[in-house]
Amino acid sequence: MDGRRHRAFVGFFGLNRSSRWTAPSIRRNILAPLAAAGFDRFVAGHFNQPPVISDVTSGEHGIRLQRNPSVDFGLDLQWTEPQSEKNISGLLEPAMAVPFRDYDDPTGDVRRNILYQMHSLRRLKQMLQMIGPERFDVFILLRPDLEYVDPLDLDAIGQILRDETDFVSPSWHQYGGLNDRFAFGNWRAAEIFLSRWDGVAEFCRSHSYIHPESLLGVSVSSAALRVTMTEQRALRVRATGETRAEGFKFSKITRAQHRARPFLTKLFPA
C-alpha cells in the first residue's frame, strides 16, 4: 500500500448457511491477504438464524444450522439473531404489494429473504456504529455464504485508501444495478450499503417492483459515490454444499469437487 499500517473492518451479514464450505476461502482469500498487506483488522458479523432452512427456490429442505461463525471466521464481535418475521414487519406491506422484478415469487419467500438481508445489514451498521467507524480506513462487507474464488483485490482497496474511489463492487451479475453480494468502500460508501433498509419502501413505490441490485444502484447513484468495479469472483454455496452456477469458468477438477459437495454433506454431516 503506502507504507502506513491501515485498519480494515471486515463485516459479515445475512445467513451463515454454508461456512463449512465457505470459511476456508474467506480465511485464504480475504483475511490472509489483509494480514500479508499489513492491515490491522476487526472482524464482526450479524447473522440471521432461522430454526431450519427450508427454501423451495434454493432446494434446501429442513436443514438445521450447526456451525459456529465465531470459530469459522475468527470473529471479534458476533450477533446471531433468531430469524423472525417480526424483524421485517415494518417493510412487509410495501414489499409484498409489488412483484420481485426478475421472476414470479408466489410464496413471497424471495421478497422476505431480501428483507431479512436488509435487516441484517442494518444490524451490522448498528454494530459498526457501536465500535466506532472512525477507527477504520476501509470497510469490507461480505456475505458469509459465498466461496471467494480469487484473492482480495488489493489494488481496488488501495484506490479507496488513496481517496481515488468510494465504492468497489463486483463487475458481474449486476442485473441492471450493482451486485450486492459483497462490497469494499470508505465509511460513506459503507454507510450507504448498510442503510438500504431505509430506502426499500420508497423504491417499491416509485418502481412498482422490488429488486436488490437495482436498489443498490439507485442508492449509490443518489449519493454520487465514485464507483470502481472488481473482477474478484465469488460463488453462492447452499447449506447442502451445492454451488450455484454463476457462469464462471473453472477446471474440471474444481467442477467435480463442487458437484461432490452435496454427497459429502450427506455422508459426513457437519
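Reader: Which residues of helix α5 are called buried, and what does that word ask for?
Author: In α5 (residues 154-161) they are A156, I157, G158 and I160. Buried means under 20% relative accessible area, with a 1.4 Å probe and protein chains only, so these four residues of α5 fall under that cut-off. The model is predicted: local features need pLDDT of at least 70, side-chain atom pairs count only at 80 or more, and totals for chains, interfaces and linings use all residues. Residues are numbered from 1 along each chain as its sequence is written, and side-chain values use heavy atoms, leaving out hydrogens and water.

Reader: What covers those buried residues of α5?
Author: The cover includes β6 (138-142), β8 (167-170) and β9 (182-185). Strands here are DSSP runs of E, at least two residues, and helices are runs of H or I, at least four, numbered from the N terminus.

Reader: What makes D153 a polar contact for D155?
Author: A side-chain oxygen of D153 reaches to within 3.3 Å of the backbone nitrogen of D155, at the start of α5. A polar contact is an N or O pair within 3.5 Å, one able to donate a hydrogen and the other to accept it; residues adjacent in sequence count only if both atoms are side-chain atoms. So the pair qualifies.

Reader: Why is one side of β5 and of β10 left without a neighbour in the sheet?
Author: The open sheet has seven strands in the order β5-β2-β1-β6-β9-β8-β10, with mixed pairing. β5 (77-82) and β10 (227-230) stand at the edges, each with a single partner strand, so one side stays free of a neighbour.

Reader: How do you know that β8 and β10 pair?
Author: Pairing takes at least two DSSP bridges, and four join these parallel strands, so they pair. P170 stands opposite T230 in β10.

Notes
Buried < 20%, exposed > 50% of the residue type's maximum accessible area, 1.4 Å probe, protein only. Contact = heavy atoms within 4.5 Å.
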